[in-house]
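I set out to record what I looked up in this structure, entry by entry. The entries follow the order in which I consulted the model.

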Amino acid sequence: MKLSPIPTTIRTTCPYCGVGCGVNAQVGQDGQIAIAGDADHPASRGRLCVKGAALGDTLGQQGRLLAPMLREGDALRAASWDEALDKVAQGFARVIAEHGPDAVALYVSGQLLTEDYYVANKFMKGYVGSANIDTNSRLCMSSAVAGHKRAFGEDIVPGCYEDFELADLIVLVGSNAAWCHPTLYQRIARAKQERPGLKVVVIDPRRTATCDLADLHLPVKPGTDVWLFDGLLSHLAAHVADNGFVNAHTSGLPEALEAAGKAGNLLEVAKACRIDPAQLKRFYDLFARTEKVVTAFTMGVNQSTAGADKVNAIVNCHLVTGRIGRPGMGPFSLTGQPNAMGGREVGGLANMLAAHMDLDDAAQRDALQAFWASPRMADKPGLKAVDLFRAIEEGRIKAVWIMATNPLVSLPDADQARRALEKCELVVASDIVLGTDTNACSHVLLPALGWGEKDGTVTNSERCISRQRAFLAAPGSARADWDIVCDVARRMGFDGFDFAGPHAIFDEHARLSAWQNGTEGQRRRVFDIGGLAGLTRADYDALQPVQWPVRKAGENTARVFGDGRFAHGDGRARFVPTVPRAPAHLPGGEYPLVLNTGRVRDQWHTMTRTGRSPKLAEHVPEPFIDMHPQDALLCGVKAGELARVTSDWGAVVARVQHGGGIARGSVFMPIHWSGQTASDARVGTVVNPSVDPVSGEPEFKHTPVRIEPFGVRWYGFILSRTELPLREAAHWTRIQGQDFVRYELAGRKPFADAATWARQLLDVHDDDADWIEVEDRNGGMHRAAHLVDGRIEACLFVSQRQDLPARAWLATMFAKDRLAPADRLGLLSGRAKEQGADPGPTVCSCFGVGKKTIEIAIRRHGLADAAAVTACTKAGGNCGSCVPEIRSLLAEARAQAAEV
């Protein structure tokens with residue numbers, strides 16, 4: 001018997017959050033792709049969250065952009081690369097000639113590889129001569145960048161992931177790490193299990209899944225983080241200041257303490273933050289008496305009109321105690337995207353230059369221009385994301401190239417971004433998929449390589465450079481982003497873009513980092529990967545994960561600033577005075593509630609990747625509005641029904657739920673749904689466009705809104721093997737299932753002839769079709785199913801009373817080639833006759849374990865803890881993201897047992 005060759009394992013890196021987990025990918029002889037964690041990768045040690053584990057589900061070519069396309073009128077047509085790139089190059093050249101370099105812009109993404117990012121920045125800043133290149137990292141990490149630069153003199157995360165295991169206190173601020181950085185959260189959970197003395201404090205207005213680990217949860221009033229940490233600074237300065245460190249290695253403490261002002265009064269802080277003074281005192285004392293403290297923060301801190309000040313208020317507390325740069329301690333910015341830090345290394349933001357050089361320093365601009373031998377150099381900061389799209393709408397920017405991002409969904413005041421692109425003379429989009437809100441406004445579409453196809457490097461939250469390696473052939477005529485940019489640059493007559501491959505770009509990037517550190521008159525920066533310069537293609541292909549700085553070959557630097565020397569010219573860190581101030585827009589009057597936005601556990605950004613995976617759609621299938629029951633009562637809305645959320649900037653519709661973790665006065669909505677996946681749930685349309693004055697980061701966490709009923713006549717759902725044109729539905733959400741598409745529907749018009757209406761909705765026009773239906777006209781219920789050769793093709797359930805069956809059992813029918821008689825009989829009931837066949841809403845996506853399955857196991861076997869549930873049902877046995885929910889179910893079971 002001929003044996004099939006063993007598939008080659010390709011070591012690569014996950015394309016989701018900034019943890020930067022290692023991935024092993026295998027492509028079998030049958031084309032099947034096996035994904036597993038890389039046990040040798042230092043960031044994750046073999047762990048993957050459910051999104052990473054489901055990467056294989058997202059790699060098909062359905063919906064891919066496979067050839068360049070040009071818009072002619074309202075239609076797109078396929079074009080050759082030469083035609084498309086000539087249009088881009090000639091369009092940019094014409095605009096520059098007529099209006100100057102600042103009339104064009106690039107808007108790029110933390111999804112790009114470092115090599116893509118480097119070339120794009122070289123093109124814009126060194127050849128076009130404008131700094132109008134910004135990135136969607138502006139929306140998530142720019143406040144951390146600003147805070148780092150003000151405090152340290154450079155954008156540096158001082159510590160490493162090992163510090164979370166060595167710390168005696170971990171403070172998680174504005175971070176739902178259990179859902180947004182799952183493998184790092186599980187690393188903390190394991191450390192706490194092994195060392196119960198490790199304390200965890202969560203500071204967050206919501207009680208999220210991350211609070212499952214918390215010894216203390218401080219549900220601060222949204223927008224009051226500066227109050228909290230200014231108060232902590234005053235407390236620490238009075239009781240445990242490391243005066244030796246402060247005097248030798250910092251400056252500005254007196255000014256920072258003076259700015260803190262009333263925050264020195266614990267009761268004033270507790271009142272401002274709306275938390276129990278005793279709990280606040282407990283936190284302050286715990287922080288003061290614990291030497292090894294890591295304070296990790298992310299979007300709840302950054303996405304604010306005071307985001308940079310929040311970052312510096314946190315950093316100030318570590319500087320005053322000297323708890324920085326040593327094992328188990330330090331401020332730690334958790335990066336949102338897989339390569340947000342790589343983008344920062346190469347100057348990806350509009351106010352930065354490559355290799356951490358300063359755009360506002362003429363000598364450094366000249367030095368970079370000399371290295372690049374470029375014809376011109378941007379001499380002033382470019383427009384940051386929100387201002388950039390305003391400039392497009394105003395006609396100041398006439399051509400924009402958007403790469404690997406979907407700003408019509410992700411930007412605040414997203415309808416303004418749509419108006420901007422609709423008015424723009426030339427909109428170019430490099431993307432891997434055809435159907436996005438942004439691509440619908442684009443004149444030129446350029447097919448890019450996706451994860452698994454492209455080759456380069458990314459840098460994670462702990463400054464670790466890892467390789468993303470290709471293991472799939474390029475689909476259609478897709479090309480690497482760096483290659484597309486280089487081709488346009490050459491067509492515009494620019495030299496310096498004849499790279500032989502990503503290894504050559506990385507080499508130039510590495511040489512620049514070392515060169516600028518050795519240039520006369522330039523201070524030495526922390527960012528330096530000169531030890532990685534000169535790699536051959538083979539060396540680059542074999543590159544192992546390494547933390548910078550790497551000043552010489554073989555070096556790996558886990559921590560920086562341990563010697564007390566910082567990146568400011570005098571070597572001292574700066575205390576930055578931070579004064580508490582209110583968010584830009586306060587609730588009241590017409591808009592009494594505060595909208596907070598964020599991620600859910602199993603989805604990513606605008607779902608162009610994760611939305612393809614049935615597994616990832618099971619946990620949270622629809623957009624939702626999480627609000628307190630009393631607020632819902634006052635607004636006249638009910639859990640399970642649709643409601644409209646309205647602000648001064650726009651409105652969205654979603655289903656109300658009571659998650660139990662949100663205080664009165666606040667509501668939460670996820671960010672992921674776009675115009676491709678829901679009729680009216682782009683939450684960016686509601687978010688206010690105010691930004692931090694230093695960082696330019698928008699305030700996604702604090703928009704005043706009102707909530708009111710979205711009245712409908714009926715609710716329903718469809719499961720169909722094929723995509724359907726949705727008629728007569730006032731609201732819909734599209735959900736990818738296994739072998740089917742699911743639509744959740746609601747309508748405002750009654751259906752007079754239900755049978756005809758149902759056939760039209762399911763696109764069934766054959767009078768002899770195998771069609772089953774049942775109707776209760778008085779009750780306002782209609783159910784129908786279409787079968788072909790005994791196999792279900794589609795089913796529809798609608799009701800005026802919301803008495804709709806669960807979807808889980810019906811979904812299993814689509815896996816059958818032919819329905820059994822019992823299945824056919826039970827089809828329109830929506831449930832199996834045997835008890836226990838419906839597992840309930842998904843809790844564990846990794847193994848597809850539902851809520852009812854877990855509840856039955858707990859009752860039947862008397863399970864007492866999450867480990868026992870895992871042993872019995874497998875739930876929680878892979879990535880661990882669902883463990884907090886399992887513990888909640890255990891707590892509910894204990895409460896029910898106590899009542900009996």
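The entries below cover a barrel, two voids, one buried residue and some backbone exceptions.

**Entry 1: status of the model.** I note at the outset that this is a predicted model.

**Entry 2: the barrel.** I looked up the strand order and found that six strands close into a barrel as S21-S25-S22-S24-S23-S26, with mixed pairing. I also recorded the angle between neighbouring strands of this sheet, which is 45° on average with direction ignored.

I then examined strand S21, residues 593–598. How many of the six residues of S21 are buried? I found six of the six to be buried, so the strand is largely enclosed by the rest of the structure. The cut-off that matters here is a relative accessible area under 20%.

For the side-chain directions I first recalled that side chains in a regular strand alternate between the two faces of the sheet. In S21, I see Leu593, Leu595 and Thr597 pointing one way, while Val594, Asn596 and Gly598 point the other way. Residues in both sets are buried.

I next checked the partners of S21. With strand S25 (residues 666–670) the pairing is parallel and runs over five bridges; within S25, Phe668 is the bridge partner of Asn596. With strand S26 (residues 703–709) the pairing is antiparallel, over three bridges, and Leu595 has Thr703 as its bridge partner there.

Elsewhere in the barrel, I noted that strands S22 (residues 624–627) and S24 (residues 651–657) run parallel and are joined by three bridges. Asp626 is bridged to Gln657 of S24.

**Entry 3: cavities.** My search of the whole structure returned nine cavities of 30 Å³ or more. I followed up the second largest, which has a volume of about 110 Å³. Its lining includes Arg64, Trp451, Glu453, Arg609 and Arg612. By class, I recorded four nonpolar, four polar and four charged residues in that lining.

**Entry 4: the second largest pocket.** I obtained a volume of about 910 Å³ for the second largest pocket. Of its 37 lining residues, Gly611, Arg612, Glu723, Arg734 and Gln736 lie nearest the centre. Helix H23 (614–617) and strand S28 (731–736) are the elements that give two or more residues to this lining. S28 gives the most, with three residues. I classed the lining as eleven nonpolar, 19 polar and seven charged residues.

**Entry 5: Asn132.** I located Asn132 in the loop between helix H3 (114–128) and strand S7 (133–135). Is Asn132 buried or exposed? At a relative accessible area of 4%, I count Asn132 as buried. Leaving aside neighbours within four places in sequence, its contacts include Asp102, Met124, Gly382 and Ile397.

**Entry 6: backbone exceptions.** I kept in mind that most residues other than glycine have a negative phi, and that most peptide bonds are trans.

- The peptide bond from Trp548 to Pro549 is cis, with omega near 5°; I placed Pro549 in the loop between strands S19 (546–547) and S20 (573–574).
- Ala373 has a positive phi, near 50°, and sits in the loop between helices H16 (362–372) and H17 (385–394). I count Ala373 as exposed because its relative accessibility is 61%, and the cut-off is over 50%.
- Asp763 also has a positive phi, about 60°, in the loop between helix H25 (754–761) and strand S30 (770–776). With 39% relative accessibility, I list Asp763 as partly exposed.

How values were computed:
Residues numbered from 1 in each chain as written. Predicted model: local features only at pLDDT ≥ 70, side-chain atom pairs only at ≥ 80, totals over all residues. Heavy atoms only, no water. Helix = DSSP H or I, 4+ residues; strand = E, 2+ residues; numbered from the N terminus. Buried < 20%, exposed > 50% of the residue type's maximum accessible area, 1.4 Å probe, protein only. Contact = heavy atoms within 4.5 Å. 1 Å grid on protein atoms, 1.4 Å probe; cavity = no way out; pocket = protein on both sides within 12 Å on 5 of 7 lines; lining within 4 Å. Points joined across faces, edges and corners; volume = space filled by probe spheres on them. Nonpolar A, V, L, I, M, F, W, Y, C, P; charged D, E, K, R; others polar. Pairing = 2+ DSSP bridges. Axes fitted to C-alpha atoms, helices over the stretch in contact; angles between N-to-C directions.
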